[in-house]
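Biologist: I am new to this one. Please walk me through its features, one at a time.

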Amino acid sequence: MGNNNSSIDVVFDRTQPTIYYAGDVVSGQVHFTIPQGTNDIDDIYLTLTGDVGYTTTRTVRIQNGLTDRVTDRHDITIFREKLLLSRAALNEQRRSIRRTNDALTLAAGEYTYPFSFRLPNVLPPTIHPKDYPFVRYQLQVKYKKKEKKTNLFD
């Protein structure tokens with residue numbers, strides 16, 4: 001978590017190739033290792049986003065009355081699900097995690113957080129995930145750093 005020696009691994013309950021359809025349950029575990037204790041984390045969460053990308057072309061005038069075709073790329077987020085991991089496992093791993101002043105204190109060690117969520121029934125399938133046009137989904141483990149507050153009146 002902020003240290004180059006940290007490692008994060010997401011393991012899905014389904015074996016590869018992992019194919020999910022609208023309405024399916026996505027579940028698994030997030031494993032991460034913290035080599036040194038840290039106390040600057042507010043929350044750890046998993047975010048699943050779905051994006052649609054497409055292009056449009058337009059004609060623009062350039063010098064001397066000439067025209068050129070310009071391709072504009074458009075990316076639209078159609079789905080976002082955020083699952084808070086840190087609080088879900090607090091009871092399970094109390095020995096290594098403390099919450100003080102609404103921030104997490106994580107001791108050095110290995111952590112495992114299970115996750116599970118159901119995909120909405122109306123999601124379009126993935127198409128051309130690396131090229132335009134596309135529909136793609138991305139799962140990310142993120143953490144929010146504690147904001148350092150300063151007292152201006154001291």
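Modeller: Start with Ile78, which lies in strand E4 (residues 67-84). Helices (H or I, at least four residues) and strands (E, at least two) are DSSP runs, numbered from the N terminus. This is a predicted model, in which local features need pLDDT of at least 70 and side-chain atom pairs count only at pLDDT 80 or more, while totals for chains, interfaces and linings use all residues. Residues are numbered from 1 along each chain as its sequence is written, and side-chain values use heavy atoms, with hydrogens and water left out.

Biologist: Is Ile78 exposed, partly exposed or buried, and why?

Modeller: Buried means under 20% relative accessible area, exposed over 50%, and partly exposed in between (1.4 Å probe, protein chains only). Ile78 has 37% relative accessibility, so it counts as partly exposed.

Biologist: Which residues form a nonpolar patch with Ile78?

Modeller: Patches are made of residues with over 30% relative accessible area and no salt bridge; like charges are joined within 9 Å, nonpolar side chains (Val, Leu, Ile, Met, Phe, Trp, Tyr) within 5 Å. Accessible areas come from the Shrake-Rupley method with a 1.4 Å probe; for residues, only the protein chains shown count as cover. Here Tyr54 and Ile76 join Ile78 in a surface patch, with about 250 Å² of accessible area together.

Biologist: How many salt bridges are there?

Modeller: Side chains of opposite charge can pair when their charged atoms come close. A salt bridge is a side-chain nitrogen of Lys or Arg within 4 Å of a carboxyl oxygen of Asp or Glu. The count is 2 salt bridges. One of them links Asp24 and Arg14, with the closest N and O atoms 3.2 Å apart. Both residues lie in the loop between strand E1 (7-12) and strand E2 (25-34), so the pair ties together parts that are 10 residues apart in sequence. Asp24 counts as buried, at 18% relative accessibility. Arg14 is partly exposed, at 33%.

Biologist: Which residue meets Arg58 in a salt bridge?

Modeller: Asp72 does, at 2.6 Å, N to O. Arg58 lies in strand E3 and Asp72 in strand E4, so the pair ties together parts that are 14 residues apart in sequence.

Biologist: Where does Lys82 lie relative to Tyr45?

Modeller: A charge sits over a ring if NZ of Lys or CZ of Arg is within 6 Å of the ring centre and within 35 degrees of the ring normal. Lys82 lies over the face of Tyr45, at 4.1 Å from the ring centre. Arg136 lies over the face of Phe134, at 3.8 Å.

Biologist: Which residues does the cis peptide bond join?

Modeller: Tyr132 and Pro133, with omega about -15 degrees. Pro133 sits in the loop between strand E7 (109-118) and strand E8 (134-145).
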